[in-house]
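Subject: Structure handover and findings

Dear colleague,

Please find below the structure that I am handing over to you. My account of what was found in it follows directly after.

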Amino acid sequence: MKLCYFFILNSAIGIEFTNNLYTSENPTEDFQALNIDIEERLEQARLEAERIVALLAADNTYRAGILHQQNIEKTYKTLQKLRFTWSKTGKPFGQCDPNTFTYVIKLHTKEHRNNIFICPILLLQTFSILTQIIIHEAAHLGFEASECQATAFEVLSLHYSSFNEVYKTPYWKRCGTERLNQHFLNRI
Ligand SMILES: [Zn+2]
């Protein structure tokens, strides 16, 4: 665990927060041109999200507020059971619009429980952004996190990842996430 700790420490310092996103004139066409196994990519991202949240659970020193151990464990369990709904044609569906990556429906029906609706534009983003968004949505599903809580949870979790680029979502400004992020960086 010690070795692992040092690894986390190093990677956390290397994280850069970015506003860069893949944008596209025609996301549906770009999506159709993707030569990747989407199901496999989503599963890899789910596993990566699960790994990151497990590290957070093991090393969590906060144990209060949104990082209450129970919230982390609930999110972890959600990630283990997570399912994805996505458009096989690349056409936006349901509540997807050009600016929407994903959405969840907080109804405790079998159809919606542990399910994330993945909009086509998210599948055009990098693997780290995909994983980041999955953690965010899992927090909504896991402990009914609000937008700001899910954003904080996602950012703090990612400090335990080996990603060196993290997407600064529009929620950062509204939720004052920058300050929280600095606090976290100073503390480790
Ligand atoms: Zn959200």
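Two residues are taken to be in contact if their C-beta atoms, placed from the backbone, lie within 7 Å. In that sense Leu122 touches Phe101, Thr102, Leu130 and Ile133, with residues up to four places away in sequence left out of the count. Please bear in mind throughout that this is a predicted model.

Overall make-up

The chain holds nine helices and five strands. Read from the N terminus, its elements follow the order α-β-α-α-α-β-β-β-α-α-α-β-α-α. Of the 188 residues in the chain, 35% are buried. If one takes the contacts between residues at least 6 apart in sequence, 71% of them join residues at least 24 apart.

The nonpolar core

In soluble globular proteins, nonpolar side chains tend to be buried together. The largest nonpolar core of this model has 40 residues, and the members that touch the most others are Ala49, Leu122, Ile134 and Ala138. At least two residues each come from H3, helix H4 (69-81), strand S4 (115-118), helix H5 (120-123), helix H6 (127-143), H7 and strand S5 (165-167). The greatest contribution is that of H6, which gives eight residues. Leu122, whose contacts opened this account, is thus one of the four residues named for touching the most other members of the core.

The sheet

Strands of a sheet pair through backbone hydrogen bonds, either parallel or antiparallel. Here three strands form an open sheet with mixed pairing, in the order S2-S4-S3. Strand S2 (83-86) and strand S3 (102-103) are the edge strands, each pairing on one side only.

The two pairings may be taken in turn. S2 and S4 are parallel and are paired over four bridges; Arg83 stands opposite Asn115 in S4. S3 and S4 run antiparallel and are joined by two bridges. On that side, Thr102 has Ile118 of S4 as its bridge partner, while Tyr103 stands opposite Phe117 in S4. Thr102 also appears among the residues that Leu122 touches.

Packing of H3 against H7

Two packed helices are described by the angle between their axes and the distance between the axes. For helix H3 (residues 38-59) and helix H7 (residues 147-158), the axes come within 9 Å and cross at roughly 85°. H3 is therefore roughly perpendicular to H7, since angles of 65 to 115 degrees count as such. On the H3 side the contact is made by Ile52, Val53 and Leu56, and on the H7 side by Leu156, Ser157 and Leu158. Five of the residues in this contact are nonpolar and one is polar, with no charged residue among them.

H7 and the C-terminal part of the chain

Is Val155, a residue of helix H7, buried or exposed? Val155 is buried, because 26 other C-beta atoms lie within 10 Å, and a residue counts as buried with 20 or more. Apart from neighbours within four places in sequence, Val155 is in contact with Thr177, Leu180 and Asn181. Val155 and Trp172 are 17 residues apart in sequence, and their C-alpha atoms are 9.7 Å apart in space.

Glu178 belongs to helix H9 (residues 177-187). With 13 other C-beta atoms within 10 Å, Glu178 is partly exposed. Glu178 and Ala152 are 26 residues apart in sequence and 9.5 Å apart in space, C-alpha to C-alpha.

Two residues with positive phi

Most residues other than glycine have a negative phi, and most peptide bonds are trans. Two residues with a positive phi deserve mention here.

- Asn114 lies in the loop between S3 and S4. Its phi is near 60°, a positive value in a residue other than glycine. Asn114 counts as partly exposed because it has 17 C-beta neighbours inside 10 Å.
- Glu144 lies in the loop between H6 and H7. Its phi is near 55°, which is likewise positive in a residue other than glycine. Glu144 counts as exposed because it has 12 C-beta neighbours inside 10 Å, and the exposed class takes in residues with 12 or fewer.

With kind regards

How values were computed:
Residues numbered from 1 in each chain as written. Predicted model: local features only at pLDDT ≥ 70, side-chain atom pairs only at ≥ 80, totals over all residues. Axes fitted to C-alpha atoms, helices over the stretch in contact; angles between N-to-C directions. Parallel < 35°, antiparallel > 145°, perpendicular 65-115°, else oblique. Nonpolar A, V, L, I, M, F, W, Y, C, P; charged D, E, K, R; others polar. Core = buried A, V, L, I, M, F, W, Y, C linked by C-beta atoms within 7 Å. Pairing = 2+ DSSP bridges.
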